[in-house]
Amino acid sequence: MDFQLNNSYTHQFTITKEVYFHFQMCSNDRNPLHNDEEFARSKGFPQIVMYGNILNTFLSYFIGECLHTKDVIIHSQEIAFKNPVFMNEKLDFEAFVSGVYESVNTIEFKYKFIKPNGKIAAKGLIQIGLLK
Amino acid sequence: MTRAEIIIKLNEIFADIIDEGPVYLSETNTSNDIEGWDSLTNIQLIVDIEKNLNIKFTSDEIFSWKNVGEMIDCILIKK
């Protein structure tokens with residue numbers, strides 16, 4: 001198995017206007033927290049909050065495009081949102097192999113998205129299967 | 001770890017992964033007897049068993065099991 005415990009990966013993601021609009025069209029989620037500046041401010045945020053689940057699409061990119069093999073399938077993924085993300089913030093993504101289960105061709109990653117101010121935007125766990 | 005302790009642990013793990021209420025395994029049970037124990041669930045079960053009991057199986061061992069009792073036999077050898 002090519003994955004070793006603690007192998008690490010980094011990438012940088014940004015929720016651009018384009019990403020935001022594409023996600024909005026895809027999800028059809030028009031909640032004002034993500035669309036209405038005034039509403040977002042009334043809830044204590046400086047501007048509209050980006051859809052947290054955009055980060056899940058970045059996880060899809062990580063698994064689908066950033067690993068050294070394309071023979072992968074996502075079994076499960078967990079995400080905990082810690083701090084809101086705003087448009088055009090650059091998020092540092094860090095992941096490492098936290099489990100290797102050769103008997104069932106399964107790899108587990110722990111990951112986090114870090115905001116420019118150093119705070120964690122989200123973190124979680126992804127489990128993938130290696131396709132034969 | 002005794003067989004009884006292992007089966008209690010397995011009941012917890014199965015219930016957590018299968019997520020359809022409490023599970024009461026018997027040694028003669030197979031995947032056909034447990035609602036929701038399919039091939040994908042099986043991967044999750046093995047991963048969780050390996051994690052929880054801090055052991056590693058081989059794929060040959062997994063394929064050789066005919067029922068829960070044989071899984072427990074294998075766990076006992078490793079614990």
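This section describes the fold of chain A, the loop of chain B that joins two of its helices, and the contacts between the two chains. The structure is a predicted model.

Chain A contains three helices and five strands, arranged along the sequence in the pattern β-α-α-α-β-β-β-β. Along the principal axes, its C-alpha atoms fill a box of roughly 55 × 30 × 20 Å. Of the 132 residues in chain A, 18% are buried. When contacts in chain A are restricted to residues at least 6 apart in sequence, 64% of them join residues at least 24 apart.

The five strands form an open sheet with antiparallel pairing, in the order 1-3-4-5-2. Strand 1 and strand 2 of chain A occupy the edges; each has a single partner strand, so one side of each is left without a neighbour in the sheet. On average, and with direction ignored, neighbouring strands of this sheet are turned by 20° against each other. Strands of a sheet pair through backbone hydrogen bonds, either in a parallel or in an antiparallel manner.

The individual pairings can be described from one edge to the other. Strand 1 of chain A is joined to strand 3 of chain A by seven bridges, and the two run antiparallel. A:Thr14 stands opposite A:Lys90, a residue of strand 3 of chain A. Strand 3 of chain A is in turn joined by nine bridges to strand 4 of chain A, again with antiparallel directions, and here A:Gly99 faces A:Glu108 of strand 4 of chain A. Strand 3 and strand 4 of chain A form a hairpin in which four residues lie between them. Within this turn, A:Asn105 has a positive phi of about 50°. At the other edge, strand 2 of chain A pairs with strand 5 of chain A in the antiparallel sense over nine bridges, and A:Val72 stands opposite A:Leu130 of strand 5 of chain A.

Two helices, one from each chain, pack on this sheet. Helix 3 of chain A touches strand 1, strand 2, strand 3, strand 4 and strand 5 of chain A, and its direction makes about 145° with that of strand 2 of chain A. Helix 2 of chain B touches strand 2, strand 3, strand 4 and strand 5 of chain A; the direction of helix 2 of chain B makes about 85° with that of strand 3 of chain A.

Helix 3 of chain A comprises the 13 residues 54-66, which should span 18 Å at 1.5 Å a residue; the end C-alpha atoms are 17 Å apart, in agreement with that expectation. Its buried residues are A:Ile54, A:Leu55, A:Phe58 and A:Leu59. Because these residues cover an arc of only 155° around the axis, they lie on the same side of helix 3 of chain A. The buried residues of helix 3 of chain A pack against helix 1 (17-27) as well as strand 1, strand 2 (72-81), strand 3 (90-101), strand 4 (106-114) and strand 5 (120-130) of chain A.

Between the chains, seven residues of chain A are in contact with ten residues of chain B. On the side of chain A that touches chain B, the residues divide into two nonpolar and five polar, with no charged residue.

In chain B, the loop between helix 1 and helix 2 holds B:Val23. This residue is classed as buried because 20 other C-beta atoms lie within 10 Å. The C-alpha atom of B:Val23 is separated by 5.3 Å from that of B:Asn11, although the two residues are twelve residues apart along the chain. With neighbours within four places in sequence left aside, B:Val23 is in contact with B:Asn11, B:Phe14, B:Ala15, B:Ile18 and B:Ile34. B:Asp19 also lies in the loop between helix 1 (3-18) and helix 2 (39-53) of chain B, but B:Asp19 counts as exposed because it has 10 C-beta neighbours inside 10 Å. Phi of B:Asp19 is near 60°, a positive value in a residue other than glycine.

A positive phi also occurs in chain A at A:Asn6, a residue other than glycine, with a value near 75°. A:Asn6 lies in the segment before strand 1 (8-14) of chain A and counts as exposed, since 8 C-beta neighbours are found inside 10 Å.

Note on methods. Residues numbered from 1 in each chain as written. Chains lettered and ligands numbered in written order. Predicted model: local features only at pLDDT ≥ 70, side-chain atom pairs only at ≥ 80, totals over all residues. Nonpolar A, V, L, I, M, F, W, Y, C, P; charged D, E, K, R; others polar. Buried ≥ 20, exposed ≤ 12 C-beta atoms within 10 Å, placed from the backbone. Expected span 1.5 Å × (residues − 1). Arc of directions from axis to C-beta. Pairing = 2+ DSSP bridges. Axes fitted to C-alpha atoms, helices over the stretch in contact; angles between N-to-C directions.
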